[in-house]
Amino acid sequence: MGKKDQKGEERVEAVLELLRKQAPLTVKQEKFCNNACVERFLRAKGDSVKKASKHLRACLSWRESIGTEHLIADEFSAELAEGVAYLAGHDEELRPVMIFRIKQDYQKFHSQKLFTRLLVFTLEVAIQTMARTVEQFVLLFDAGFFRSASAFTNLLLTALKIVAEYYPGRLHKAFVIDPPSLFSYLWKGVRPFLELSPATMVVSSLDFEDSLEFNDFSTYPRASSLRFDPSSIPSAAKIGSCSSSRFSFTVSHHFDSLKPWYLTLTDTSGSKVGPTSPSPSLLGPALISPLNARSLSFASPAARTPRGSVYGGTASRPAKKSLFASTPLPEPTKYGNNDGVSTNHPRTPRPSFLQSPALFFRKECHVSKTDKSRESFLPFLKFYRRPYDEMIYRSKMRPPLGGLISIVSPQLKRRHMSVSQRF
């Protein structure tokens with residue numbers, strides 16, 4: 001261990017010497033390039049001194065162009081008021097947890113440079129609150145306010161590239177919560193080219209609605225949730241039978257438990273279009289079944305013809321053979337009915353134990369991928385559900401990031417007003 005530590009210190013000194021040869025470091029740059037920072041850059045570049053020094057020099061020039069040393073909270077007063085990006089707290093291992101709740105319209109009214117400065121400001125606030133033994137942080141991207149998958153993908157890639165390039169070794173986990181529907185397809189395309197993709201997971205907040213962890217917001221009376229509360233609207237959903245002005249249906253359990261789409265439909269309207277005779281060759285609203293309760297414009301030629309013949313004929317009058325290949329109808333299956341009329345329903349083949357040989361070669365990591373993401377997100381669920389409080393977030397800022405706005409209690413404000421009114 002002593003030899004390894006000595007070699008590590010020699011590499012750190014070699015990197016710092018290369019940096020000083022290129023250009024002298026300022027006092028703030030010397031403070032930034034401490035031993036822990038240089039070691040992170042060395043690990044990112046495979047302990048290569050030349051690559052680490054080049055990467056660190058590029059990071060210093062980028063921080064100077066962004067103006068990291070001059071970032072203050074007064075520049076992001078609107079973002080701090082709305083809770084667009086903030087430090088939510090620290091997990092059990094004292095890692096800071098940051099939440100980004102950026103709306104889709106934010107990029108329309110703000111430049112890319114302003115978003116980068118907001119991201120860097122939030123990261124710097126989190127890094128300032130780290131303990132000496134902590135090096136990593138956690139990012140939560142709430143995509144529930146986005147409708148466009150491409151817009152959110154561009155924002156996410158920008159944030160992850162900045163973290164990978166200029167904050168190497170800092171990211172512990174990144175969670176994408178409630179992304180748009182098409183995001184999964186875009187994510188599969190860009191994930192192989194992203195350095196931090198192994199540490200990024202996609203989760204859905206609907207999977208945690210049954211969790212009772214941190215459902216009590218009484219400790220935060222000033223904060224208001226940014227998300228819509230569906231419990232405020234009385235639900236009129238009913239389980240079981242359903243009725244409307246046109247038809248009603250009930251779920252039938254005696255056909256097949258594997259097919260929940262089997263419904264027993266009965267017409268309740270007064271005006272019926274079409275014949276209602278019980279003839280099997282005629283279709284009407286009174287004879288609604290799972291086979292004819294769909295639009296006939298999308299049905300096959302066999303489904304658009306009466307059930308007497310496959311090719312559209314009857315027993316007394318055979319029809320001509322169609323030019324289109326019709327799908328053969330399944331064999332009729334009789335169920336016990338009181339009316340004595342047999343009902344034909346297509347049956348789903350029962351799952352077999354030897355249905356797919358790939359089941360024997362499936363790995364556990366592929367089966368439990370969703371469960372693994374869910375379990376990883378559980379420790380950070382309380383930060384996601386916790387309402388945003390601007391005063392608590394500002395109290396975590398250290399100068400000069402805190403800006404010129406100081407936190408003054410309401411009692412001191414009233415006392416100051418009462419003294420000023422005397423004169």
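Among contacts in this protein between residues at least 6 apart in sequence, what percentage join residues at least 24 apart? Hi everyone, the answer is 70%, where a contact means heavy atoms within 4.5 Å.

Before we look around, a word on the model. This is a predicted model, in which local features need pLDDT of at least 70 and side-chain atom pairs count only at pLDDT 80 or more, while totals for chains, interfaces and linings use all residues. Residues are numbered from 1 along each chain as its sequence is written, and side-chain values use heavy atoms, with hydrogens and water left out.

Let's start with the overall picture. The protein has 14 helices and eight strands. Those are DSSP runs, numbered from the N terminus: H or I over at least four residues for a helix, E over at least two for a strand. Of the 423 residues, 33% are buried. Buried means under 20% relative accessible area, exposed means over 50%, and partly exposed is in between, using a 1.4 Å probe and protein chains only.

Now for the inside. Nonpolar side chains tend to be buried together in soluble globular proteins. Here, the largest nonpolar core has 68 residues. By nonpolar core I mean a set of buried Ala, Val, Leu, Ile, Met, Phe, Trp, Tyr and Cys residues joined through side-chain atoms within 4.5 Å. Among the residues with the most contacts inside this core are F121, L160 and F377. Which helix gives the most to the core? That is α8, residues 149-166, with eleven residues. There is also a second, separate core of 14 residues, which includes L25, C37, V38 and L56.

Let's stay with α8 for a moment. Its 18 residues should span 26 Å at 1.5 Å a residue, and the end C-alpha atoms are indeed 26 Å apart, so the two agree. The expected span here is 1.5 Å times one less than the number of residues. The buried residues of α8 include F152, L156, L160 and V163. An α-helix has 3.6 residues a turn, so residues three or four places apart point the same way. Take L160: leaving aside neighbours within four places in sequence, L160 is in contact with F141, L171, A174, W187, L194, L196 and T200.

Another residue to find is T116, in helix α7. Is T116 buried or exposed? T116 counts as buried, because its relative accessibility is 9%. Beyond its neighbours within four places in sequence, T116 is in contact with W62, I66 and I162.

Two of those partners, W62 and I66, are among the buried residues of α4. The 18 residues of α4, numbered 49-66, should also span 26 Å, and the end C-alpha atoms are 26 Å apart, which agrees. Just after α4 comes G67, with a positive phi of about 80°.

Moving back along the chain, α3 has C37, V38, R40, F41 and L42 buried. After α3 comes G46, whose phi is positive, near 65°. Then look at D47, in the loop between α3 and α4. D47 has a positive phi too, near 60°, and D47 is not a glycine. Most residues other than glycine have a negative phi, and most peptide bonds are trans. D47 counts as partly exposed because its relative accessibility is 39%. D178 has a positive phi near 55° and sits in the loop between β4 and α9. At 16% relative accessibility, D178 counts as buried.

What kind of peptide bond joins P399 and P400? It is a cis bond, with omega about 5°. P400 lies in the loop between α13 and α14. P400 and I72 are 328 residues apart in sequence, yet their C-alpha atoms are 6.4 Å apart in space.

My last stop is the second largest pocket, with about 980 Å³ of space. A pocket is an open set of points on a 1 Å grid over the protein atoms alone, where a 1.4 Å probe fits, with protein on both sides within 12 Å along at least five of seven lines; lining residues have an atom within 4 Å of a point. The lining has 28 residues, and K31, F32, E124, I127 and Q128 lie nearest the centre. The largest share, four residues, comes from α3. The lining divides into 15 nonpolar, three polar and ten charged residues. Thanks, everyone!

Technical notes:
Grid points are joined across faces, edges and corners, and a volume is the space filled by probe spheres set on the points. Ala, Val, Leu, Ile, Met, Phe, Trp, Tyr, Cys and Pro count as nonpolar, Asp, Glu, Lys and Arg as charged, and the others, Gly among them, as polar.
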